Amino acid sequence: TRGCCKSFSITEEYIMLNITIGTTEYELATTLRVAYLVQGQNNHKSYVELFQEIDKMTLEQQVGIVYAAFVAANPNQKKTITQNDFFEYFLDNYTISELMKYVSKIIEGIMGKNLEEEVESASFLAGTDCSDKDSNVD
């Protein structure tokens with residue numbers, strides 16, 4: 001293998017995220033359900049477009065991504081912990097750095113890859129064909 005092309009395979013790698021609200025620890029989902037919920041929070045804008053614009057989102061929108069992950073993993077808690085309650089709790093108990101870590105890990109889970117490796121995989125996603133790499137064409 002020359003290392004140019006990668007074949008697609010599903011691995012058992014799963015990003016486990018938890019958040020503590022009060023004294024209770026809850027799991028956060030990193031599934032397509034989260035992307036779907038985030039789209040709904042943002043006028044059904046493409047999740048790819050939304051995730052590319054994270055740096056332009058308001059705090060409320062970014063915390064909304066974490067809340068979507070919370071609701072997707074804990075649907076029965078939606079009635080008990082509303083989005084506004086979640087937002088207010090997050091503002092009083094978490095930092096910007098923690099928010100950014102949650103958002104990036106949620107997106108990594110949804111996308112199925114490490115965001116830092118995205119540049120490396122860009123040629124794979126673009127459909128780079130490496131079948132001719134061994135031939136000498138002048």
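**Notes on a predicted single-chain model**

1. Let's start with how much of the chain is hidden: of its 138 residues, 30% are buried. Please keep in mind as you read that this is a predicted model.

2. Next, the overall layout. The chain has two strands and six helices. If you walk along the sequence, you meet them in the order β-β-α-α-α-α-α-α, so it helps to look for the strand pair before turning to the helices.

3. How do the two strands fit together? Strand β1 covers residues 17-21, and strand β2 covers residues 24-28. They pair in the antiparallel sense, with five bridges between them. To see one of these pairings for yourself, find Thr-20 and look across to Glu-25, its bridge partner in β2.

4. Now look at the turn of this hairpin. Two residues sit between β1 and β2, and Gly-22 has a positive phi near 70°.

5. Strand β1 is a lovely place to practise reading side chains. Which of its residues are buried, and which are not? Leu-17, Ile-19 and Ile-21 point to one face and are buried. Asn-18 and Thr-20 point to the other face and are not buried. Thr-20, then, is a residue on the face that is not buried, and it is also the bridge partner of Glu-25.

6. The loop between α1 (32-41) and α2 (47-52) deserves a visit, and Asn-43 lies there. Asn-43 is not a glycine, yet its phi is positive, at about 55°. Is this residue buried or exposed? Asn-43 counts as exposed because its relative accessibility is 74%, and the cut-off for exposed is over 50%.

7. His-44 lies in the loop between α1 and α2 as well. Its phi is positive too, near 60°, and His-44 is a residue other than glycine. With a relative accessible area of 59%, His-44 is exposed.

8. On the surface, see if you can find a nonpolar patch formed by Leu-59, Leu-91, Ile-96 and Met-100. Together these residues have about 330 Å² of accessible area. Met-100 belongs to helix α5, which spans residues 96-111. Met-100 counts as partly exposed because its relative accessibility is 34%, a value between the cut-offs of 20% and 50%.

9. Finally, two values for the whole chain. Its accessible surface comes to about 9,500 Å², and carbon and sulfur atoms account for 48% of that. Among contacts with a separation of 6 or more, 65% are between residues 24 or more positions apart.

Key
Residues are numbered from 1 along each chain as its sequence is written. This is a predicted model: local features need pLDDT of at least 70, side-chain atom pairs count only at pLDDT 80 or more; totals for chains, interfaces and linings use all residues. Side-chain values use heavy atoms; hydrogens and water are left out. Helices (H or I, at least four residues) and strands (E, at least two) are DSSP runs, numbered from the N terminus. Buried means under 20% relative accessible area, exposed over 50%, partly exposed in between (1.4 Å probe, protein chains only). Contact means heavy atoms within 4.5 Å. Accessible areas come from the Shrake-Rupley method with a 1.4 Å probe; for residues, only the protein chains shown count as cover. Patches are made of residues with over 30% relative accessible area and no salt bridge: like charges are joined within 9 Å, nonpolar side chains (Val, Leu, Ile, Met, Phe, Trp, Tyr) within 5 Å. A salt bridge is a side-chain nitrogen of Lys or Arg within 4 Å of a carboxyl oxygen of Asp or Glu. Two strands pair if DSSP finds at least two bridges between them.
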